[in-house]
Amino acid sequence: MAKATKNEDHITGAEKSQKRLFKYKRAGVALSEDEVRAIKAGRKKLRADMRAQGIKSKKEFEITASSLGLYFDKQRGLALFWWFLRSKGGWILLGSAAALMLALFGLSAVTELQGHFTVSMSDDLFREGFTLSETKGFENPTTHLFATPAEGVPCVSILDIPTNVGEIDGAHNDTYFAYTFYVRNEGESPQGLDWSLQIRAESRELSEAAWFMIFVDDEMTFYAKANRETAGSEMLPPPSDTRRAYGEPPMYEMAAAPEEQYETIVSEKGITYWRIKPYVFEDEEVVKSGRFEEIVPGEVHKFTVVIWLEGDDPDCTNDRIGGHLGLEFEMDLVENKAA
């Protein structure tokens, strides 16, 4: 019998069902053997990554794994569970316990996920053969990524972000958070990909003072929440301030749309003074979303996310001290809407 090719193996594995008596499920849906293996491998890598960062809490591991889709539905104790439901008063006790557990889990999720940054792919992308990596060579391909949080960072200026921030793979925090990663189509057919950077947890309204840079294939755009008074861009310096300006437009050479994000204030004695204009968040939770209409097999795309507390933003006050942000970079398959 001829040996199957790598792509044939991928297709066969994705369609191969489990042969276990009690099948692994997620959200009530039975998984394929490939999905079971991928989740187990992902959980193992996530546990190692978190331990390497000094995070050993089992609860924190399970919350993070759940946010990345690296979990199975609970199967143990089902017989006892059904016996309990048949008993008198079982439903009342179960309902009370469930309400308490949901309240405790909600509190734990907000507390434990604060400050985390995760990158996750949908099951559809996984089935089509997409993988993630912290390196361009994809030495350790995976279906998820977990970045080291930046802790105790001060308020800084956009001028403090180094111009090579998008050239360093993986996590490279300083007085800011920075993370670079890659996605590749290892499947057999071209596919579209949707992505979005979302705020999942927050305390002390830290997003009011946090600014974001997103590099897509080394082209940079930057974002901040809308100005509270004008509902428009949080421009620095604001149009009403004639005392300050940027002598050099920060990160100008990397900007995807410099004509939209930088504005000349005045030119005097051969010196040009600038204003910067961050794009506004798409909504309260989504910083930015985007789409690749078609990624062909073997094609790679690179992302870098940079987050800092902008000291010149009027919302960067002492009220933000001790605040946290939990963020997720989500990737999903573009749905075919053709009827």
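The following dialogue explains how the terms applied to this predicted model are justified.

Visitor: What should be known about the model and its numbering?

Guide: This is a predicted model, in which local features need pLDDT of at least 70 and side-chain atom pairs count only at pLDDT 80 or more, while totals for chains, interfaces and linings use all residues. Residues are numbered from 1 along each chain as its sequence is written, and side-chain values use heavy atoms, with hydrogens and water left out.

Visitor: How many helices and strands does the chain have, and what makes a stretch a helix or a strand?

Guide: The chain has 7 helices and 17 strands. Helices (H or I, at least four residues) and strands (E, at least two) are DSSP runs, numbered from the N terminus.

Visitor: Why is cysteine 316 called buried?

Guide: Buried means under 20% relative accessible area, exposed over 50%, and partly exposed in between, with a 1.4 Å probe and protein chains only. Cysteine 316 has a relative accessibility of 15%, so it counts as buried. Cysteine 155, at 43%, falls between the two limits and is therefore partly exposed. Across the chain of 339 residues, 43% are buried.

Visitor: How do you know that cysteine 155 and cysteine 316 form a disulfide?

Guide: A disulfide is a pair of cysteine sulfur atoms within 2.5 Å. The sulfur atoms of cysteine 155 and cysteine 316 are 2.3 Å apart, so the pair meets the definition. The structure holds 1 disulfide. The angle about its S-S bond is -85 degrees, and the link is left-handed.

Visitor: Why is this disulfide said to tie together separate parts of the chain?

Guide: Cysteine 155 belongs to strand β6 (residues 155-156), whereas cysteine 316 sits in the loop between β16 (300-310) and β17, so the link joins parts that are 161 residues apart in sequence.

Visitor: What makes a group of residues a nonpolar core?

Guide: A nonpolar core is a set of buried Ala, Val, Leu, Ile, Met, Phe, Trp, Tyr and Cys residues joined through side-chain atoms within 4.5 Å. In soluble globular proteins, nonpolar side chains tend to be buried together. The largest such core here has 38 residues, and among the members that touch the most others are Phe117, Phe181 and Met331. Strand β17 (residues 325-333) gives the most to this core, with 5 residues. A second, separate core has 21 residues, including Val156 and Tyr246.

Visitor: Which residues does methionine 331 touch?

Guide: Contact means heavy atoms within 4.5 Å. Leaving out residues up to four places away in sequence, methionine 331 touches Met121, Leu125, Phe181, Leu193, Trp195 and Phe303, among others.

Visitor: How do you know that strands β3 and β17 pair?

Guide: Two strands pair if DSSP finds at least two bridges between them. Strands β3 and β17 are joined by 5 bridges and run parallel, so they satisfy the definition. One bridge partner in β17 is glutamate 328, which faces threonine 118. Strand β3 is also joined to β5, here by 4 bridges in the antiparallel sense, and serine 120 stands opposite histidine 144 in β5.

Visitor: What makes β5 and β15 edge strands?

Guide: An open sheet of 5 strands has the order β5-β3-β17-β9-β15, with mixed pairing. Strands β5 (144-147) and β15 (286-295) each pair on one side only. Strand β15 pairs with β9 (residues 191-202) over 7 antiparallel bridges, and tryptophan 195 stands opposite glycine 290 in β15.

Visitor: Why is strand β3 called mostly covered?

Guide: In a regular strand the side chains alternate between the two faces of the sheet. In β3 (residues 117-121), 5 of 5 residues are buried. Phe117, Val119 and Met121 are buried on one side, and Thr118 and Ser120 on the other.

Visitor: What makes threonine 180 a buried residue?

Guide: Threonine 180 has 0% relative accessibility and therefore counts as buried. The residue lies in strand β8 (residues 177-185). Beyond four places in sequence, threonine 180 is in contact with residues including Glu134, Val165, His172 and Phe303.
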